[in-house]
Amino acid sequence: MISLILTILYLAKDTVHRWFTRISSPVARVLVVYFLTLSALAALGSYVITLDVVRHELIARGANTVVAALSAQNRDKPIFIPSYEAMEKALDAESYVFLACGMVSLPNGQSVQVYTYDFSRMRQMLPLMAPDGRPTLLQPEGESLLPLGPGDVIYNKTRIPVMVRSLPPDHTLQRISRYGALIVNPDRLPPQMTAGHLVSLIIRVHHLKSSEAITRVERYIEMLKRYEKAFGSIVSAGSLLKRMDEVLSKQVQCRVAFCIGISAIVGILLTALAGMEYRQNEYIYTLMKSFGIHPMLLVGSFIVENLFIVACSFAAAIISFMYFQEIIVTQILKLGKYSLALGDIMQEIYLISYTLLGCVFISAIPIFVAAYREIGRVLK
């Protein structure tokens, strides 16, 4: 055990001595790994930011919302829509169900759709409705068809008192209509209004990470149409999201190829320098083998040396990227004012670290071959 410890200490001392006598070797390895890793993080970080920007833009334009208009073939049998809780559990999504009741006219001449809803969704709708139970005109954010508060609309030349409200920002019903909608409680439906057979189903998924979330909603509605023997249309961004997923899958291959290319450069450098340093000290290492030192200790010393240099350079590159990322993202990559947390690029860090780790072990192959050469061929 003592001899093993002394051998390890000697190899460590020899490594430090080589660093100071030939300082260009460790410095070259540090700089190459540092700048290549920093460049890789900048490129892959821009990919992550671009993906995040596109995803938020798609969500802002309603890509996470599916709107369906359904009508039963049998007008005497209404379409059964599962409860809010059931759809939440099945789809991980927020859902609203409305029955069309015709159109009303506003004082400015604009027409908006009238909807009512099922009693089973009363608890879901009450926070949006007027406290006194009167019909409520829900306006999208930014629209000002009528002043907020009490007002009147016209239905078949009859004035109906309503409450005008603005929908909360980023609410699911912001996408129900460009100009909003008049929502009427089912128990306060004016006698001149009747609920039709057209069902409007609005489903907004909570987490849009891929097209699969939207596809799952579309399959759910298609199954509902089949079981209820209904017909209608579905409006969604499913096809666009599928195309985007195909593009992203190809970009993943490019990311892997990019990391492999960087690793190839690092691997060639480490292999060349390690082989050169071993050959310069081969006579001493062979004498150590003749005294009973196992060759794997010699190979291990070079692996540990490269691991230490690569790990320190890699950590320095990560710290530098996180510190200077605002300059890299806004000034160099021109992606606007975005910032990344360490968790946002953790997959990219893992990808680069795995490839660099592979380089370290591959670079030890020539050392392994040389360390197992016959002692007599070296000492003759």
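How do the residues of the lining of the largest cavity divide into nonpolar, polar and charged? I'll get to that cavity in a minute, so hold the thought. One thing up front: what we're looking at is a predicted model.

Okay, the overall picture. The protein has 380 residues, and 45% of them count as buried. Its secondary structure comes to eleven helices and nine strands. If you take contacts between residues at least 6 apart in sequence, 79% of them join residues at least 24 apart. On the outside, about 20600 Å² is exposed, with carbon and sulfur atoms supplying 64% of that.

Now the inside. In soluble globular proteins, nonpolar side chains tend to be buried together. Here, the largest nonpolar core has 60 residues, and the ones with the most contacts inside it are I81, L201, I203, I221 and I352. Helix α2, residues 24-60, puts in the largest share of this core, 13 residues. Take L201 as an example. Setting aside neighbours within four places in sequence, L201 is in contact with V66, V67, A68, I81, M87, Y96, V97, I221 and L224. Two of the names in that contact list, I81 and I221, we just heard among the best-connected core residues.

Back to the opening question. Rolling a probe the size of a water molecule over the atoms shows where empty space is left. Searching the whole structure turns up one cavity of 30 Å³ or more, and the largest cavity has a volume of about 80 Å³. Around it you find R55, L58, L208, K209, S210, S211, L241, M244, D245 and L248. So here's the split: five nonpolar, two polar and three charged. Helices α2 and α6 each supply at least two lining residues, and α6 gives the most, with four.

Next, a few individual residues, starting with the stretch around α3. L91 is found in helix α3, and it counts as buried because its relative accessible area is 2%, under the 20% cut-off. Leaving out neighbours within four places, L91 is in contact with I203, R216, V217 and Y220. V217 is 126 residues away along the chain, yet the C-alpha atoms of L91 and V217 are separated by 6.5 Å.

Then comes D92, in the loop between α3 and β2. Most residues other than glycine have a negative phi. D92 is not a glycine, but its phi is positive, about 50°. Is D92 buried or partly exposed? At 32% relative accessibility, D92 counts as partly exposed, because that value lies between the 20% and 50% cut-offs.

R204 sits in strand β8, residues 198-205. This arginine counts as buried, because its relative accessibility is 11%. And what does R204 touch? Not counting residues up to four places away in sequence, the list is N64, T65, A93, E94, D170, H171, T172 and R175.

Last one: Q325, in helix α8, which covers residues 295-332. Q325 is buried too, because its relative accessibility is 8%. Its partner to look at is G45: the two are 280 residues apart along the chain, and their C-alpha atoms are separated by 9.0 Å.

That's my tour, so over to you.

How values were computed
Residues numbered from 1 in each chain as written. Predicted model: local features only at pLDDT ≥ 70, side-chain atom pairs only at ≥ 80, totals over all residues. Heavy atoms only, no water. Core = buried A, V, L, I, M, F, W, Y, C linked by side-chain atoms within 4.5 Å. Buried < 20%, exposed > 50% of the residue type's maximum accessible area, 1.4 Å probe, protein only. Contact = heavy atoms within 4.5 Å. Areas by Shrake-Rupley, 256 points an atom, 1.4 Å probe, with all protein chains shown as cover. 1 Å grid on protein atoms, 1.4 Å probe; cavity = no way out; pocket = protein on both sides within 12 Å on 5 of 7 lines; lining within 4 Å. Points joined across faces, edges and corners; volume = space filled by probe spheres on them. Nonpolar A, V, L, I, M, F, W, Y, C, P; charged D, E, K, R; others polar.
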